[in-house]
Amino acid sequence: MKHVRNFAIVAILAFGVYALPGGDTAADLFGATLFVILTIGIGLLAARLYRERRFDIEALGDRWRLVLYAALGAVVLALAATPKLFDTGLGTVAWVAIMAACVYALVRVFRHAREY
């Protein structure tokens with residue numbers, strides 16, 4: 001019964017967005033607000049992780065720290081450009097290649113950090 005109730009609530013909200021005037025604008029505002037909250041949360045998490053692991057990051061050395069920061073920066077740029085890149089087939093392939101290269105670089109940095 002609980003699932004039916006939850007489904008009914010979601011269906012009523014969806015019908016309101018569809019049928020009421022200005023519902024699409026309200027839905028866009030709600031989605032943008034959730035995106036901003038998520039972005040702030042990710043930023044706060046990154047700041048906390050940096051503060052907790054600052055010594056480990058500094059101990060990597062200049063070369064590996066550059067690889068770490070470059071990979072993280074490329075991920076941020078690729079995620080920001082996702083809508084434009086997914087418009088074309090070549091852009092999609094480039095996005096996947098960028099993400100794969102970043103994951104590879106991050107794994108290499110992690111493995112280097114765990115070596116003795």
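Helices here are DSSP runs of at least four residues, numbered from the N terminus. With that in hand, the pockets of this predicted model can be walked through one by one.

The largest pocket holds about 880 Å³ of space. Its lining counts 23 residues, and those lying nearest the centre are Leu49, Arg53, Ile57, Leu68 and Leu72. Four helices each chip in at least two lining residues: α2 (23-52), α3 (54-58), α4 (62-80) and α6 (89-113). Of these, α4 gives the largest share, with seven residues. As for chemistry, the lining of the largest pocket is made up of 20 nonpolar and three charged residues, with no polar ones.

Next comes the second largest pocket, with a volume of about 160 Å³. Lining this one are Phe35, Leu38, Thr39, Ile42, Gly43 and Ala46. Sorted by class, that set splits into four nonpolar and two polar residues, and no charged residue turns up. Gly43 belongs to this lining, and Gly is counted as polar.

Phe35 deserves another look. This residue sits in helix α2 and helps line the second largest pocket, but it also shows up on the surface: together with Val36, Ile40 and Leu44, Phe35 makes a nonpolar patch of about 430 Å². Is Phe35 buried or exposed? Its relative accessible area is 56%, so Phe35 counts as exposed, the cut-off for that label being over 50%. Phe35 thus has a part in both the lining of the second largest pocket and the nonpolar surface patch.

Terms used:
Residues are numbered from 1 along each chain as its sequence is written. This is a predicted model: local features need pLDDT of at least 70, side-chain atom pairs count only at pLDDT 80 or more; totals for chains, interfaces and linings use all residues. Side-chain values use heavy atoms; hydrogens and water are left out. On a 1 Å grid over the protein atoms alone, a cavity is a set of points where a 1.4 Å probe fits but cannot get out, and a pocket is an open set with protein on both sides within 12 Å along at least five of seven lines; lining residues have an atom within 4 Å of a point. Grid points are joined across faces, edges and corners, and a volume is the space filled by probe spheres set on the points. Patches are made of residues with over 30% relative accessible area and no salt bridge: like charges are joined within 9 Å, nonpolar side chains (Val, Leu, Ile, Met, Phe, Trp, Tyr) within 5 Å. Accessible areas come from the Shrake-Rupley method with a 1.4 Å probe; for residues, only the protein chains shown count as cover. A salt bridge is a side-chain nitrogen of Lys or Arg within 4 Å of a carboxyl oxygen of Asp or Glu. Buried means under 20% relative accessible area, exposed over 50%, partly exposed in between (1.4 Å probe, protein chains only).
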